[in-house]
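Please walk through this structure with me, one level at a time. The path goes from the chains to their interface and then to the domains.

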Amino acid sequence: MDNEALKIQLTELLPSVTFEEGGEWLNVNVDPNDWKPFAVKLKASAELYFDYLFCLTCVDWKTHLTMVYHLSSTKHRHTIVVKCKLDRTTPVVETVCDIWRTAEFHEREVFEMFGVEFKNHPDLRKLILPADWVGFPLRKDYEDPINMIKL
Amino acid sequence: MYHINELLNSDNTLKPSFVAMKESDDYTINIGPQHPATHGVLHLVITLNGETIKKVDPDLGFIHRSIEKMCESLSYRQYIYVTSRMDYLSSHINNHACALLVEKALQVEVPERAQYIRVIMDELTRIASHLLWWGAMAMDMGAFTPYFYAFRERELLTEIMEDTCGARLTMNYMVPGGVMHDPHETFVHRVSKEFLPLLKSKLHEYEELVTGNIIFQNRVNGVGLLTYEDAISYGCSGPTARASGVHCDIRKLYPYDVYNKVQFEEVIETAGDSMARYMVRMNEIKQSISIIEQLINNIPEGDFQAKTKAVLKLPKGEFYQRVETARGELGVFVVSEGGTTPYRIKFRSPGFSNLSCLDHITKGSKIGDLVASMGTLDLVIPDIDR
């Protein structure tokens with residue numbers, strides 16, 4: 001499916017989505033409150049069938065955080081990038097690990113590195129960092145006087 | 001180790017995630033962080049009921065270097081060298097991904113000679129990685145001899161690498177625009193006349209020694225079953241997913257450099273157990289040999305590197321590049337603000353996703369089968385921790 005056809009299909013699922021083009025793939029901006037029901041439909045829809053979440057990460061833009069989900073379909077071979085803009089002080093978004101199981105580990109990593117809370121995640125603990133670690137290392141304002149080497 | 005606020009809800013009841021972890025009569029054992037079967041510093045907390053596994057909880061981070069944060073202050077020429085330290089057995093291929101990303105963003109045309117050399121290097125790396133995996137996995141299962149057989153052939157390969165790249169493990173040979181310098185003058189001869197004939201004459205030994213061994217077959221057949229749907233859902237890639245019937249070879253789906261000019265088969269098995277994962281890797285060695293044979297005597301003359309600016313600046317935007325490493329799909333995601341360093345970089349490492357299915361495929365099996373499942377997932381810990 002090409003970008004124009006994808007746009008029509010995605011707008012049918014959720015009228016409030018906005019699109020950005022110019023990169024390699026179609027970027028889809030979704031409100032965090034709409035994300036979970038939208039994600040369920042992305043996987044369930046036979047025409048779209050986004051079954052492969054191959055990258056899940058977060059970007060700190062200093063004023064807000066952006067969740068980035070790279071989704072692709074192993075059947076139709078089309079790819080989209082879904083983005084959710086989150087508030088920086090209390091970032092909360094619904095988990096998608098019941099739809100794509102790989103999200104469980106990736107969300108735990110984003111949780112400890114960026115401090116994003118994933119609602120209804122079955123096991124939201126620190127994965128890579130020690131349990132008593134303070135702060136979110138991949139945020140832009142993170143300071144560590146002992147371990148951090150500044151170039 | 002947990003702060004009390006992390007454990008409790010506001011009404012002083014335990015949070016569900018901590019209740020699910022452990023029950024009072026559960027028996028817990030630890031494997032690692034120092035254990036020969038984990039091939040690195042991986043800590044597994046295993047909850048048992050008798051000998052049956054109830055839960056495998058990986059505890060990561062013992063070799064976490066925060067490569068993603070480090071790369072935010074490294075230039076687009078420097079960040080390639082850090083990636084050799086992620087999946088150190090596929091270091092050429094990691095470097096390749098980073099070089100391709102910069103070339104894609106700056107629209108650099110890579111000379112054909114460089115493309116040929118890169119693909120040959122990638123496939124040699126894949127063979128070296130699979131050989132090491134084969135020896136190490138057999139050692140996990142209690143067979144010590146295969147380790148020496150595998151290293152006997154791999155030694156010649158590392159010597160070839162040493163001649164050309166100056167290093168045996170962390171090569172750092174690929175740069176944006178091509179390769180760092182021409183291969184060593186004996187490179188073509190040593191690969192086509194020494195290494196490939198040697199490896200081809202020894203492959204039957206591997207099959208007689210391990211593949212056809214009845215003890216080995218009893219330990220891997222039907223163990224660690226991963227279905228087609230689960231493989232996709234867990235984000236598995238590479239030989240792990242292909243053993244479950246998933247078509248996911250990046251070299252076929254999204255070819256880069258000269259992969260669209262060579263003939264090779266995507267190795268697919270459908271059983272999804274440890275034996276299938278084993279067979280995929282063994283057959284991939286043969287495919288890699290075939291790819292190298294098609295290229296090694298046809299390397300075109302010309303430049304080995306395209307002319308690029310001394311200081312690379314990527315345009316503003318987001319870039320994603322994926323390659324097929326020996327373990328699966330490596331994705332490099334770069335957010336650029338138009339400067340000389342990445343604003344944010346994410347490495348989607350194959351090992352991280354492949355590890356996440358370990359709990360699922362071992363649940364309900366015996367503790368003795370854990371090593372077979374883990375061995376055929378081919379985990380490299382620095383790749384998982386990054």
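What follows takes each chain in turn, then the places where parts meet.

This is a predicted model. Two chains, A and B, touch each other in it. Keep the prediction in mind throughout: side-chain atom pairs count only at pLDDT 80 or more.

Start with chain A. Its secondary structure comes to 3 helices and 7 strands. Read from the N terminus, the order of elements is α-β-β-α-β-β-β-β-α-β. The C-alpha trace of chain A spans about 50 × 30 × 25 Å along its principal axes. How does the radius of gyration of chain A, with its 151 residues, sit against that of a compact globule? Chain A has 16 Å, and a compact globule with 151 residues would have a value near 15 Å, so the two agree.

One salt bridge inside chain A deserves a look. The side chains of A:R88 and A:D141 meet there, at 3.3 Å from N to O. A:R88 lies in the loop between β5 and β6 (92–94) of chain A, while A:D141 lies in the segment after β7 (117–119), so the pair ties together parts that are 53 residues apart in sequence. Side chains of opposite charge can pair when their charged atoms come close. Across all chains, a search of the whole structure finds 39 salt bridges.

Now turn to chain B. Chain B holds 17 helices and 8 strands. Its radius of gyration is 22 Å, and the globule rule gives 21 Å for 386 residues, so chain B is as compact as a globular protein of that length. Along the principal axes, the C-alpha trace of chain B spans about 70 × 55 × 35 Å.

Next comes the interface between the chains. Here 46 residues of chain A are in contact with 47 residues of chain B. The size of an interface is often given as the accessible area lost when the parts come together. For chain A and chain B, the buried area is about 4,000 Å², and carbon and sulfur atoms give 54% of it. Which residues of chain A lose the most area to chain B? They are A:F105, A:R125 and A:I128, together 16% of what that side buries.

Charged and polar pairs also cross this interface. The count between chain A and chain B is 6 salt bridges. One salt bridge joins A:E24 to B:K104, with the closest N and O atoms 2.9 Å apart. Polar contacts between the two chains come to 20 residue pairs, with both residues at pLDDT 80 or more.

Where in chain A does this surface come from? β3 (52–60), β4 (64–72), β5 (79–87) and α3 (103–114) of chain A each supply at least two residues of the side that touches chain B. The largest share, 8 residues, comes from β3(A). By class, the side of chain A that touches chain B divides into 24 nonpolar, 7 polar and 15 charged residues.

A further interface lies within chain B. Chain B is divided into domain 1 (4–59) and domain 2 (67–385). The C-alpha centres of these domains of chain B lie 31 Å apart. Contact here involves 19 residues of domain 1 and 17 residues of domain 2. Between them the two domains bury about 1,500 Å², with 69% of it on carbon and sulfur atoms.

How many salt bridges link domain 1 of chain B and domain 2 of chain B? The count is 0. The polar contacts across this interface number 4 residue pairs, both residues at pLDDT 80 or more. On the domain 1 side, β1 (27–31), β2 (43–49) and β3 (52–59) of chain B are the elements that give two or more residues. β3(B) gives the most, with 6 residues. That side of domain 1 has 12 nonpolar, 4 polar and 3 charged residues.

Methods. Residues are numbered from 1 along each chain as its sequence is written. Chains are lettered from A and ligands numbered from 1 in the order in which they are written. Side-chain values use heavy atoms; hydrogens and water are left out. Contact means heavy atoms within 4.5 Å. Buried area is the accessible area (1.4 Å probe) that two parts lose on being put together, summed over both. A salt bridge is a side-chain nitrogen of Lys or Arg within 4 Å of a carboxyl oxygen of Asp or Glu. A polar contact is a pair of N or O atoms within 3.5 Å; within protein, one must be able to donate a hydrogen and the other to accept it, and residues adjacent in sequence count only if both atoms are side-chain atoms. Helices (H or I, at least four residues) and strands (E, at least two) are DSSP runs, numbered from the N terminus. Ala, Val, Leu, Ile, Met, Phe, Trp, Tyr, Cys and Pro count as nonpolar, Asp, Glu, Lys and Arg as charged, and the others, Gly among them, as polar. Domain bounds come from an automatic or database domain assignment. The radius of gyration is taken over C-alpha atoms; the globule rule is 2.2 Å times the number of residues to the power 0.38.
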